[in-house]
Amino acid sequence: MTKHYRHPISRVMPAGSHGLPLVAIVGRPNVGKSTLANRLARRRVAIVHDEPGVTRDRQYIDTTAFGRDYTLIDTGGFDPDSEDPMKSDITRHVRAAIDEANVIVFVTDAEVPLTSADRTAIHLLRECTQPVLFAANKADSPKMDADAYEVYRLGVDKVYPVSGLHGRGIGELEAAIVDALPEESQPLPDHEGLLPRISIVGKPNAGKSSLMNRILGEDRMIVDARAGTTRDAIDALVERAGKRYIFVDTAGLRKKGKVTKASDAIETAGVGLAVKAMERSSVVVLVCDAREGVAEQDAKILGLAEDRGRAMIIALNKMDLLSKAEREKSEEAARDKISFAPYAPMVPISAKTGRGVGELFKKIDEIASAFHKRISTGELNRFFAQVLEMKPPPTSGGRAPRLYYITQAETAPPLFVIQSSSPESVHFSYQRFVINQLRTQFGFEGVPVRVVYRERRRRR
């Protein structure tokens, strides 16, 4: 019998994550919802492709119009009549987005007649208590407006012909959205920028979405046995044990050779969003399948995070499927594979049972705090004097470089500057020694520490 572990409940914060009203964009597959979402967001966030069903999870995008901030929810194609299990999951997500939204924008395709899925969706939306706006997308010219007005036959009061691709009619739609928004409320005391942002990354099918669902306490992420189910970077604001976090579930990162083909253009875009999500995060959690071990691609993903100066944690998932001896072997092999980042902690977990998730949150708290830690100059130099006494820099070219003092220039990640008589003479092995001493002394576990050596200016 599988044992499931109980932890403090994670609560997904309501719409807009920080008090902003929510606007859900819904409609059947391939009507241009993501193109319209990008247009309203004024930046490319949602993945756009001609293939139906590209957007599967619901994605939250902050934007503004006419001085009013709100959050868009880009949803998957709504097809309530489909028997496809994947489409049924998408429909469930769309219904959830409708339930939590303050305003709903229903999108149709102005180029084609209304379908049975359109008619069914409009019928369901009439039961909503929230304001519903009807937008006929792909109306790229005034000639298309007549076709767009077909929606009026179903008793709709107002239709907005728009072109998400070219921007036609967007201003009028935005004005209607702002008018339909609820009155502004006081913002929450915590601002998103002050909350730890954690990106969940890894190869396809390593269990990232299962871990997110475990953290969220709901089936928000679509979990499927096929690799590549998650394609967008999905944000969620979570409250757990009185603390708040922003978690980002990203698309699985495969080998470059497997994602550069024309047929994999969607996944290529998803990888780009995953890398951008890492750049915006303070902590990157690399999820690996413990049964397969840490592969070369996992190490490359971790290398991307290190290059971008992000704090790192390795979560070895599916440990419940291994024996004690296999678990030990898996951890040892994983450590060998990521020897370039020995400071990154390793946490064995099971997204399925919840085992290790509490320890993962503990590490996230510790590492997120260390990522933003600032050490006073006095404390740093007292420590540095002890380091120089214990091990002075080695001689280079017949002379030993003198190291005078150290200061912390930046946080997130921590950057230290050491004044030296001859910066180029400080051997790389000694530089690594100083970094390790800083990490050990001040608790920078999982955090990339940068140290720059600069020549001390001489007074005239």
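Visitor: Why is Tyr245 called buried?

Guide: Its relative accessible area is 2%. Buried means under 20% relative accessible area, exposed means over 50%, and partly exposed lies in between, with a 1.4 Å probe and protein chains only. Tyr245 therefore counts as buried. This is a predicted model, where local features need pLDDT of at least 70, side-chain atom pairs count only at pLDDT 80 or more, and totals for chains, interfaces and linings use all residues. Residues are numbered from 1 along each chain as its sequence is written, and side-chain values use heavy atoms, with hydrogens and water left out.

Visitor: What makes the pair of Tyr245 and Phe247 tilted?

Guide: Rings of Phe, Tyr and Trp (its six-membered ring) pair if their centres lie within 6.5 Å; planes under 30 degrees apart are stacked, over 60 edge-to-face, and the rest tilted. Here the centres are 6.0 Å apart and the planes stand at 50°, so the pair is tilted. Phe247 is buried, at 0% relative accessible area. Ring pairs also bring in Phe361, making a cluster with Tyr245 and Phe247. The whole structure holds seven aromatic pairs.

Visitor: How do you know that the charged end of Arg456 sits over the ring of Tyr404?

Guide: The rule asks for NZ of Lys or CZ of Arg within 6 Å of the ring centre and within 35 degrees of the ring normal. For Arg456 the distance to the centre of the Tyr404 ring is 4.3 Å. Lys158 lies over the face of Tyr160 too, at 5.2 Å from the ring centre.

Visitor: How many disulfides are there by this rule?

Guide: Zero. A disulfide needs a pair of cysteine sulfur atoms within 2.5 Å. Cys288 is buried, at 1% relative accessibility. Cys128 has 22%, so Cys128 counts as partly exposed.

Visitor: Why does one side of β14 and of β16 lack a neighbour in the sheet?

Guide: The open sheet has three strands in the order β14-β15-β16, with mixed pairing. β14 (403-410) and β16 (450-455) stand at the edges with a single partner strand each, so one side of each has no neighbour in the sheet. Helices (H or I, at least four residues) and strands (E, at least two) are DSSP runs, numbered from the N terminus.

Visitor: In what sense do β15 and β16 pair?

Guide: Two strands pair if DSSP finds at least two bridges between them. β15 (residues 415-420) and β16 have six, in the parallel sense. Leu415 has Arg450 as its bridge partner in β16.

Visitor: Which strands does helix α11 touch?

Guide: α11 (residues 377-390) packs on the sheet, touching β14 and β15. Contact means heavy atoms within 4.5 Å. The direction of α11 makes about 140° with that of β14. Axes are lines fitted to C-alpha atoms, for helices over the stretch in contact, and angles run from 0 to 180 degrees between N-to-C directions. Helix α12 (residues 428-442) lies across β14, β15 and β16, at about 125° to β16.

Visitor: What makes Ala412 stand out in phi?

Guide: Most residues other than glycine have a negative phi, and most peptide bonds are trans. Ala412 has a positive phi of about 55° and is not a glycine. A cis peptide bond joins Ala412 to Pro413, with omega about 0°. Ala412 is in the loop between β14 and β15. At 26% relative accessibility, Ala412 counts as partly exposed.

Visitor: Is Lys318 buried or exposed?

Guide: Buried, with a relative accessible area of 17%. Lys318 also has a positive phi, about 65°.
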